[in-house]
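Reader: Could you walk me through how the labels on this model were reached? I would like to see each value set against its cut-off.

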Amino acid sequence: MSRWRKAASSWMLRRLPRQQQLVLGQSRIYLLPTPFGWGLLLVAWAVWIGALNYAVSLAYVLSFWIVSLVLIAVVLAYRQLAGLAIRCGAADDVVAGSHALFPLQLQWPEEESRLLHLGWHDEAGGVVLDYPGEVLLPRLTLQRGQMTIPPLRVYSESPLGLVRAFAYLRLQTQVCVYPQPCADERTAASLPDGGQSREAQPVPGELFSHLVAWQPELGARRIAWKAYARRGVLLARRFEEPQSARATCLLEWSAYPAQMTAEARLSRLCWQLLAAGRRGEDVVLRLPQQELRLTAGEVRPGLRALAGFGVRDAQ
């Protein structure tokens, strides 16, 4: 992208607010001739100069016809984007270094055929759309944190290819980027202060649950004699199965050497947290000025805490 195009796009992006959903109208669509369109205008100008010098009426007709063709292309290109409604749904959390998938939903009022190119404003390429619907647009994540969807560019040169209609979009959608997990040499058993996963211990005693119809295989000791005296029906007592105490894994910021960088600690804590979730363990996550107690299988709050530790937004 040339310097003047970068400056122009930066100026346009600065004046655009972020919106959850927007509809393109006259104030948001820009129109410029394509290289082929500029070439035709140059030909029209040269023919017009020749008509002035040699007073050839047909040359005037040709030059005006070319200009009118470009003007018609302006209207047709504008119609490609006019009325386009676009919104971005919720994106799934990802780890740093992978691609975040932003679900974009596009609609336009008429059923007429359109040909649109949609992509990031600072990247070449993108996706081509000829019908309304949803498209997943990938974006590489470079660092952890809350990543706001970058500005988008949508354009069309259809149907004549003489004029490009384009617009820049700023949507209000974020995705949480976790630290990139890094295998930790220290296992959960080597973490201090109770970090070792404890063996499950049965809870003594049985808890009454409910009454069921008595069957011979339940045995006589299960019969609820008081209920039989009141109702005259043999019922059996059902007890809850003894619960087992889940193992608890302690993950501490201070368990790592003081010279280790913050990003290295977060990557290892992320790996340990995911491993504890796979093992079905409860987790106690201790960060500076923050402590989280996570039940088995609920590691997402911990991952989000690691992602937002000490940062604001990922770019």
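Author: Happily! Please keep in mind that this is a predicted model. Let us begin with Tyr30, which has a relative accessible area of 22%.

Reader: What makes Tyr30 partly exposed?

Author: Buried requires under 20% and exposed requires over 50%. Tyr30 has 22%, so partly exposed is the label.

Reader: And why is Phe166 called buried?

Author: The relative accessible area of Phe166 is 11%. That is under 20%, so Phe166 counts as buried. Tyr168 is buried too.

Reader: Why is the pair of Tyr30 and Phe166 called stacked?

Author: Two values decide that. The ring centres lie 5.7 Å apart, within the 6.5 Å cut-off, so the rings pair. Their planes are at 25°, under 30 degrees, so the pair is stacked. This pair links distant parts of the chain, with Tyr30 in strand E2 (residues 30-33) and Phe166 in strand E11 (residues 163-169), 136 residues apart.

Reader: What makes the pair of Phe166 and Tyr168 edge-to-face?

Author: Here the centres are 6.0 Å apart and the planes are at 80°. The angle is over 60 degrees, so this pair is edge-to-face. Ring pairs thus join Tyr30, Phe166 and Tyr168 into a cluster, and a search of the whole structure finds five aromatic pairs.

Reader: How do you know that the charged end of Arg164 sits over a ring?

Author: The ring belongs to Tyr155, and the charged end of Arg164 is 4.0 Å from its centre. The distance cut-off is 6 Å, and the direction must also be within 35 degrees of the ring normal. The charged end of Arg139 likewise sits over the ring of Trp120, 5.4 Å from its centre.

Reader: Which residues lie nearest the centre of the largest pocket?

Author: They are Trp4, Arg5, Leu32, Arg164 and Phe166, from a lining of 16 residues. The volume of this pocket is about 390 Å³. Helix H1 (3-14) gives the largest share of the lining, five residues.

Reader: How do you know that the length of helix H5 agrees with what is expected?

Author: Helix H5 (residues 262-279) has 18 residues, which at 1.5 Å a residue should span 26 Å; the end C-alpha atoms are 26 Å apart, so the two values agree. The buried residues of H5, including Leu266 and Leu269, pack against strands E15 (248-252), E16 (282-287) and E17 (290-294) and helix H6 (300-307). After H5 comes Gly280, with a positive phi near 75°.

How values were computed: Residues numbered from 1 in each chain as written. Predicted model: local features only at pLDDT ≥ 70, side-chain atom pairs only at ≥ 80, totals over all residues. Heavy atoms only, no water. Helix = DSSP H or I, 4+ residues; strand = E, 2+ residues; numbered from the N terminus. Buried < 20%, exposed > 50% of the residue type's maximum accessible area, 1.4 Å probe, protein only. Expected span 1.5 Å × (residues − 1). Contact = heavy atoms within 4.5 Å. 1 Å grid on protein atoms, 1.4 Å probe; cavity = no way out; pocket = protein on both sides within 12 Å on 5 of 7 lines; lining within 4 Å. Points joined across faces, edges and corners; volume = space filled by probe spheres on them.
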